[in-house]
Amino acid sequence: MQISDNNLREPFEKIDNKIKQVLADDSEDDLVLYLENNIRNLNNIEAYNELGDKLCSLYEWRRGIGKGINQVLESVAKSLENGRVILDTPNLKKANALNVNLLGNCLKRLVNLGYTSSVAKSGKKMEARTENDKKKLKQLNEELNELAIHLNLVMEDVLKQICSQEIDRMYQAVVELFKCHLSHIEKGTNDIAPNIAIRFPDSQLIRVDNKLTFTLCFKAGFAITSGNWQEAVQVERIKRTWYTLWLGKKTYYETEYKTRSSDNAEIPSIEQLLENWQFQIKAEDKEIVKKISCWLLEQIDSLKKNVEKIQNDVINRYEDRLYTANKEITTDYEMQKNVWQPMQQKAISLMEDFNSLGKSLKEEI
């Protein structure tokens, strides 16, 4: 049973150690791929080689989550590029209607600020020189940050739906894994000790906790930096003219350049926003794998405790039966001893009497 437990824990302990290495920047391995490879390696262990693809949901969640998130992000991108807000994908229909409306209103404000068409498609370098332009640039930055906030709210709803489905699939995968594990140790223990007849009932032992949640957080906006620009200014000058014997004056203008402050920014394109959001999603993979790994190890520990309890209960009952049987046999033996021991003494006494009688008869003859 200890060997079986070690075989079950080993791949997940490897994953846990790899997570610690990646989080400490001691490894650049893709944690989801590492998770997949180690779970697939379970099929190489005799006890689990019949599971096949039943455990694939423990690592395919990335595709499910990624697909759902990309649908939402692409809807946002198309709305900005086309200047017409359309948020009607299946996943968005599952989200809270108020949050979707707030996201739509934010997209409309961005379109009205000019973040649409070519600007949304290619981005734009802006140098806000006037107070009005500075205000507009600041507002655009704030609206993009607002977009991230509303996107987080909508994505939280969408993720609840997607993750609920993915977690249910993971839950079923762990149940299948544990059923296989219990079947293996039941067979092994009964091959070793058939008289004990140990049973590990699935319904009593498999208590997989499905309270597993994932969260994602998006950021947007852009950096606004202070800059300078040279403004050409016409400055009025007055000078005396020679042809008036320096008595008359003439007005003329010279161009001077004065340094002015500006707010500079590079407005990101939709493609850059998408890449940034997808990068943020990928960065969260580490935390998701960490949660899954910890969750799986907790479930394995729980299963081990339940199995040990069943095993100890069975052995304790077996020992009780042995003790009872031994006591019954001992009691029966004592009872029988009390019956046949006097009979034995009587038989010995009779035998001695017969021997004495035989000697007497011989002597008389």
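This is a short presentation on the fold, the core, the salt bridges and one surface patch of a predicted model.

Good morning. I begin with the overall layout. The protein has 365 residues, and 37% of them count as buried. The model contains nine helices and three strands. Read from the N terminus, the order of elements is α-α-α-α-α-α-β-α-α-β-β-α. If we take the contacts between residues at least 6 apart in sequence, 78% of them join residues at least 24 apart. The accessible surface amounts to about 22,700 Å², and carbon and sulfur atoms account for 49% of that area.

I turn now to the interior. In soluble globular proteins, nonpolar side chains tend to be buried together. In this model the largest nonpolar core comprises 70 residues, and those with the most contacts inside it are Phe12, Trp61, Leu80, Tyr115, Leu147 and Leu177. Two or more residues of this core come from each of helix H1 (2-23), helix H2 (31-41), H3, helix H5 (97-112), H7 and H9. Which of these helices gives the most to the core? It is H7, with 19 residues.

Let us look at three residues in this region, starting with Leu147. Leu147 is placed in helix H7, and it counts as buried because its relative accessibility is 0%. Leaving aside residues up to four places away in sequence, Leu147 touches Val76, Leu80, Leu103, Cys106, Leu107, Leu110 and Trp277. Between Leu147 and Arg109 there are 9.9 Å from C-alpha to C-alpha, at a separation of 38 residues in sequence.

The second residue is His150, also found in helix H7, which spans residues 131-192. Is His150 buried or exposed? Its relative accessibility is 10%, and therefore His150 counts as buried. With residues up to four places away in sequence again set aside, His150 is in contact with Leu102, Leu103, Cys106 and Arg109.

The third residue is Leu177. On the same terms, not counting residues up to four places away in sequence, Leu177 touches Leu8, Phe12, Leu42, Tyr48, Leu51 and Leu55.

Helix H3 deserves a separate word. It covers residues 61-82, 22 residues in total, and reaches 32 Å from its first C-alpha to its last, close to the 32 Å expected at 1.5 Å a residue. Among the buried residues of H3 are Trp61, Ile65, Ile69, Val72, Val76 and Leu80, along with smaller entries in the list such as Gly66 and Gly68. After H3 comes Gly83, which has a positive phi near 70 degrees.

I now move to charged pairs. Side chains of opposite charge can pair when their charged atoms come close. The structure holds ten salt bridges, and I shall describe several.

In helix H1, Glu10 pairs with Lys14, with 4.0 Å between the closest N and O atoms. These two residues are four apart in the helix, about one turn. Glu10 counts as partly exposed because its relative accessibility is 38%, and Lys14 is likewise partly exposed, at 39%.

A similar arrangement occurs in helix H2, where Glu36 and Arg40 also lie four residues apart, about one turn of the helix. An α-helix has 3.6 residues a turn, so residues three or four places apart point the same way. The N to O distance in the salt bridge of Glu36 and Arg40 is 3.1 Å. How do the two residues stand in exposure? Glu36 counts as buried, at 14% relative accessibility, whereas Arg40 is partly exposed, with a relative accessible area of 41%.

Lys54 and Glu176 form a salt bridge as well, at 3.7 Å from N to O. This pair links distant parts of the chain, with Lys54 in the loop between H2 and H3 and Glu176 in helix H7, 122 residues apart. Lys54 is partly exposed, at 47%, and Glu176 is also partly exposed, at 25%. Finally, a network of salt bridges links Glu60, Arg63 and Arg169.

I close at the surface. Which residues form a nonpolar patch there? They are Tyr333, Val339, Trp340 and Met343, and their accessible area together is about 440 Å². Val339 belongs to helix H9, residues 270-364. With a relative accessible area of 52%, against a cut-off of over 50%, Val339 therefore counts as exposed.

Thank you for your attention.

Conventions
Residues numbered from 1 in each chain as written. Predicted model: local features only at pLDDT ≥ 70, side-chain atom pairs only at ≥ 80, totals over all residues. Heavy atoms only, no water. Patch = residues over 30% accessible without salt bridge, like charges linked within 9 Å, V, L, I, M, F, W, Y side chains within 5 Å. Areas by Shrake-Rupley, 256 points an atom, 1.4 Å probe, with all protein chains shown as cover. Salt bridge = Lys/Arg side-chain N within 4 Å of Asp/Glu carboxyl O. Buried < 20%, exposed > 50% of the residue type's maximum accessible area, 1.4 Å probe, protein only. Contact = heavy atoms within 4.5 Å. Expected span 1.5 Å × (residues − 1). Core = buried A, V, L, I, M, F, W, Y, C linked by side-chain atoms within 4.5 Å.
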